[in-house]
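Me: I'm new to reading protein models, and I'd like to work out how some side chains pair up. Can we go through it step by step?

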Amino acid sequence: MSLSLSWRYRLGLVLALCLLAFCAACGNGSGSRGQSQGTGAPTRTMSDAVGDLEQHPRPTSIVIPSQHSTPTSTPTPKSTAPAQSASKSAQVCGATAPATGGALPTTIAATGKGSAPYGQPPALTSEEIMLTQKLFQQINQDRAACGLPPFVWNATLSGGARLHSWNMYHCGFSHTCPDGLPQCTRIANEGFTFSDCGENIGLAGPYPTPWGGVYSIQAGMANEPASGWHHIHLFSTTLHQIGIGVYVAPNGWIWFTEDMIS
């Protein structure tokens, strides 16, 4: 009899302990649900981490192609002169040695008619006058070596050309700076009537000498293929008058414009 009671007592004790463990587990479960509903501090879940990865993806590697260009043998026209000007040069000519003499311009104008959004250019310096004279001599020397008559100097053209060089210093190296007008329209607005016109522009960086820099640019234009627009203008048989305008910037760069009409 005592053995039976002892067994039942032990069995009851085991059942009581199991019931207590079950109740404790239920209490913990209700606590987790309360926390997820905002009764405790929020926790970061896996879905939040995935969302962050989607909103802030890792940068991908970008390969920038080389910007080096490959020169071609076909020259690109450097001017917007009329297409019929292509027949001006009947033979291949080119630059001669740097000019040391020749006829000088009669009057060199400091400015001319046309758009002047940056004001009028400053007075001509002795250096700008010298470069203008040398360019005029060089062009006519190159023409003479090719059997062509010299250009006739036109002071009004030179004023418009200098104004254009001054404008380019402010708005960029372009035939149509500053207002988008083609060069022949701009030249016509200076008061000219013509059947043909042309314009060459140049920019020479600092060289050992100012004339050495300008000559290197001028020789490059003269030595273009016969189809090059600079060459066509310089050795034209239909253009007869020229005006040259030079502006030397404070940093030593030399801007120059050569305007030609029939």
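Reply: Sure, let's start with Glu128: its relative accessibility is 2%, so Glu128 counts as buried (under 20% relative accessible area is buried, over 50% exposed, in between partly exposed, using a 1.4 Å probe and protein chains only). Bear in mind that this is a predicted model, where local features need pLDDT of at least 70 and side-chain atom pairs pLDDT 80 or more, while totals for chains, interfaces and linings use all residues. Residues are numbered from 1 along each chain as its sequence is written, and side-chain values use heavy atoms, leaving out hydrogens and water.

Me: Which residue forms a salt bridge with Glu128?

Reply: A salt bridge here is a side-chain nitrogen of Lys or Arg within 4 Å of a carboxyl oxygen of Asp or Glu. For Glu128, the closest N and O atoms of the pair are 2.9 Å apart. Glu128 sits in helix α3 and its partner in helix α4, so the bridge ties together parts 34 residues apart in sequence (helices are DSSP runs of H or I with at least four residues, strands are E runs of at least two, numbered from the N terminus). The partner is Arg162.

Me: Is Arg162 buried or exposed?

Reply: The relative accessible area of Arg162 is 1%. That makes Arg162 buried.

Me: Which residues are linked with Arg186 in a network of salt bridges?

Reply: One bridge joins Arg186 to Glu199, with the closest N and O atoms 2.9 Å apart. Another joins Arg186 to Asp259, at 4.0 Å; Asp259 lies in strand β4 and Arg186 in helix α5, so that pair ties together parts 73 residues apart in sequence. The residues linked with Arg186 are Glu199 and Asp259.

Me: What kind of aromatic pair do Phe136 and Trp153 form?

Reply: Rings of Phe, Tyr and Trp (its six-membered ring) pair if their centres lie within 6.5 Å; planes under 30 degrees apart are stacked, over 60 edge-to-face, and the rest tilted. The structure holds 7 aromatic pairs. In this one the centres are 5.2 Å apart with 75° between the planes, so by the cut-offs the pair is edge-to-face.

Me: Where does Arg143 lie relative to the ring of Phe151?

Reply: A charge sits over a ring if NZ of Lys or CZ of Arg is within 6 Å of the ring centre and within 35 degrees of the ring normal. Arg143 is 4.1 Å from the ring centre of Phe151. Arg143 lies over the face of Phe151.
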